[in-house]
Amino acid sequence: MANKERNKRSARKARAEERAQREALQAEATSEASAKATKAEAKKQEKSIQRNANPGFFGRLGAYFAGVRTEMHRVVWPSSSELAGFSVAVIATIVFFGLVTWLVDTGIVAGLVAFTGLRG
């Protein structure tokens, strides 16, 4: 339970940092844009902000892997005893449905042999 709370706090902290960075970029962009006198300089500033907001391929790829790493830290992994129990349950389910499938198949074949009189 403590793990979940720590992960939640970590996620909230990360979101707050991202929000602060976005607000700082917006504040910087608005202060710099208001300081510029001409429209051409303001447009150049907007384009640079758009480039920062829309990173290239490698920027997106890096952001993706950073997100994957963050999510992998949030995962609650099962203990070895839980993993063993889950594995036994999966194997038992596979054996059960295999036997049911075999019985149904054998019954259908026996029915067809009885109905048609053919063997093999």
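Start by selecting F57, F58, L61, Y64, F65, V68, M72, V75 and W77: together these residues make a nonpolar surface patch of about 980 Å². Keep in mind as you look around that this is a predicted model.

**Along the patch**

Stay with W77 for a moment. Where does W77 lie? You will find W77 in the loop between α3 (57-74) and α4 (80-116). Its relative accessible area is 58%, so W77 is exposed, the cut-off being over 50%.

Next, pick Y64, another member of the patch. Is Y64 buried or exposed? Y64 counts as exposed because its relative accessibility is 51%.

**Aromatic pairs**

Now show the aromatic side chains as sticks. How many aromatic pairs are there? The count comes to three aromatic pairs. One of them joins Y64 and F65: the ring centres are 5.2 Å apart and the planes meet at 70°, so this pair is edge-to-face. Planes over 60 degrees apart are what earns that label.

For another pair, move to F96 and F97. Their ring centres are 5.2 Å apart with the planes at 75°, so this pair is edge-to-face as well. Colour F96 by accessibility and you have a partly exposed residue, with a relative accessible area of 49%.

**The stretch in the record**

While you are at F96 and F97, select residues 83-104. An unreviewed UniProt entry lists these residues as "transmembrane region"; such annotations may be inferred rather than shown by experiment. In the model the span is 100% helix and 0% strand, and its end C-alpha atoms lie 32 Å apart.

**Across to α1**

Jump back towards the start of the chain and select A14, which has its place in helix α1 (residues 2-35). With 28% relative accessibility, A14 counts as partly exposed. Add T70 to the selection and draw a distance between the two C-alpha atoms: A14 and T70 are 56 residues apart along the chain, and their C-alpha atoms are separated by 9.6 Å.

**Zoom out**

Finally, switch to cartoon for the whole protein chain. What does its secondary structure come to? The answer is four helices and zero strands, in the pattern α-α-α-α when read along the sequence.

Then turn on the surface. The accessible surface of the protein chain comes to about 10,700 Å², and 64% of that belongs to carbon and sulfur atoms. Of the 120 residues in the protein chain, buried residues make up 5%. With the surface still showing, return to the nonpolar patch of about 980 Å² where the tour began, and find W77 and Y64 in it once more.

Conventions. Residues numbered from 1 in each chain as written. Predicted model: local features only at pLDDT ≥ 70, side-chain atom pairs only at ≥ 80, totals over all residues. Heavy atoms only, no water. Patch = residues over 30% accessible without salt bridge, like charges linked within 9 Å, V, L, I, M, F, W, Y side chains within 5 Å. Areas by Shrake-Rupley, 256 points an atom, 1.4 Å probe, with all protein chains shown as cover. Salt bridge = Lys/Arg side-chain N within 4 Å of Asp/Glu carboxyl O. Helix = DSSP H or I, 4+ residues; strand = E, 2+ residues; numbered from the N terminus. Buried < 20%, exposed > 50% of the residue type's maximum accessible area, 1.4 Å probe, protein only. Phe/Tyr/Trp six-rings, centres within 6.5 Å; stacked < 30°, edge-to-face > 60°.
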